[in-house]
Amino acid sequence: MTKKTRYESHQPDECGRVNWSERENKVWAALLQKQLGLLQGRACDEYIHGLELLNLPAERIPQLSEVNSTLIKTTGWQVKQVPSLINFDDFFRLLANKQFPVATFIRSDEEFEYLQEPDIFHEIFGHCPLLTNPAFAHFTHTYGKLGYSASKQDRAFLARLYWFTVEFGLVNTTEGTRIYGGGLLSSPGETIHALESDDCVHAAMQPLDALRTPYRIDIMQPIYYVLDSFDSLFDIAEMDIMTLVERAKNLGLFDPRFLPKEKQAG
Ligand SMILES: [Fe+2]
């Protein structure tokens with residue numbers, strides 16, 4: 001959902017298959033290997049279970065049809081090939097139809113640790129395992145339907161809730177705090193930062209607070225919201241979220257925990 005990108009999605013052939021290059025498959029393989037090591041004891045069990053169900057190839061980028069065969073069977077979701085950038089209308093319309101947008105490009109070697117644009121590793125490795133989970137699938141579907149009929153101003157508030165759940169969410173478990181946000185699960189650098197750095201804060205997830213929390217997409221996050229339990233995502237989806245958006249609008253945003261982009265040194 002960024003405004004500019006140097007990446008371009010591959011066009012699939014008439015059978016819907018993308019011909020990935022050797023370099024691109026190698027980036028996937030290296031990312032997968034690195035993250036599988038890092039996520040032991042850091043990702044939540046629901047994610048690990050979904051990863052087992054998807055059984056992603058280790059040495060090559062999967063075709064979307066391979067991922068769909070598992071998603072359709074578990075929650076009825078699908079992944080849908082999109083260009084490298086799509087607008088909010090398309091984004092919400094797809095989610096409202098249980099279609100998760102996947103741009104068919106993969107990051108360069110220079111952006112191995114973190115990139116702003118959502119590449120295919122982020123979308124498939126980061127998000128698709130949890131799209132096999134009913135609570136996560138329900139939350140994402142509800143979010144899509146709300147966003148599709150929301151005003152531009154309300155969408156900006158909704159985007160913050162998505163950011164602090166689907167992208168950068170943490171969850172309490174009996175074994176400690178674990179990751180479920182796809183932005184973290186697909187980012188080697190931020191996986192460690194989110195759980196082990198002193199430069200970030202963990203706050204209990206209150207949807208109204210998340211709606212009011214500003215974020216930047218180009219830095220490691222200074223705050224993460226922690227769910228009580230994974231299934232509380234289901235409860236959030238059942239809340240009157242648009243009334244919470246109205247309250248958030250009246251109360252206004254919290255002060256950012258970061259400097260504005262243009263004022264940062266360097
Ligand atoms: Fe994402």
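**A guided tour from helix α3 to the iron site and the core**

Begin by selecting helix α3, residues 64-74, in this predicted model. Five of its positions to highlight are Leu-64, Val-67, Asn-68, Thr-70 and Leu-71, which are buried. Next, display the elements against which these buried residues pack: α2 (45-54), β1 (78-82), β2 (99-103) and α5 (120-127). Beyond the end of α3, select Gly-76, where phi is positive, near 85 degrees.

Proceed to the iron ion. Which residues coordinate the iron ion? The donors are NE2 of His-122, NE2 of His-127 and, listed twice, OE of Glu-167, at 2.0 to 2.7 Å. Along the chain, these donors follow the spacing H-x4-H-x39-E. His-122 lies in helix α5 and Glu-167 in helix α7 (residues 152-167), so that the pair, 45 residues apart, links distant parts of the chain.

Now inspect the geometry of the site. The angles among the 4 donor atoms run from 53 to 132 degrees, and the site is irregular. Colour the two linked residues by accessibility: His-122 counts as buried because its relative accessibility is 9%, and Glu-167 counts as buried because its value is 12%. The cut-off for buried is under 20%.

Finally, select the largest nonpolar core, which has 81 residues. The residues with the most contacts inside this core are Tyr-47, Ile-124, Tyr-180 and Phe-230. Helix α7 supplies the largest share of the core, 8 residues. Centre the view on Tyr-47; apart from neighbours within four places in sequence, Tyr-47 is in contact with Leu-39, Phe-125, Gly-126, Pro-129, Leu-130 and Leu-185.

Technical notes:
Residues are numbered from 1 along each chain as its sequence is written. This is a predicted model: local features need pLDDT of at least 70, side-chain atom pairs count only at pLDDT 80 or more; totals for chains, interfaces and linings use all residues. Side-chain values use heavy atoms; hydrogens and water are left out. Buried means under 20% relative accessible area, exposed over 50%, partly exposed in between (1.4 Å probe, protein chains only). Helices (H or I, at least four residues) and strands (E, at least two) are DSSP runs, numbered from the N terminus. Contact means heavy atoms within 4.5 Å. Donors are N, O and S atoms within 2.8 Å of the metal (3.2 Å for Na, K and Ca); water is not among the atoms, so sites may look incomplete. Four donors count as tetrahedral if all angles lie between 85 and 135 degrees; four count as square planar and six as octahedral if opposite donors are over 155 degrees apart and all others between 65 and 115; anything else is irregular. A nonpolar core is a set of buried Ala, Val, Leu, Ile, Met, Phe, Trp, Tyr and Cys residues joined through side-chain atoms within 4.5 Å.
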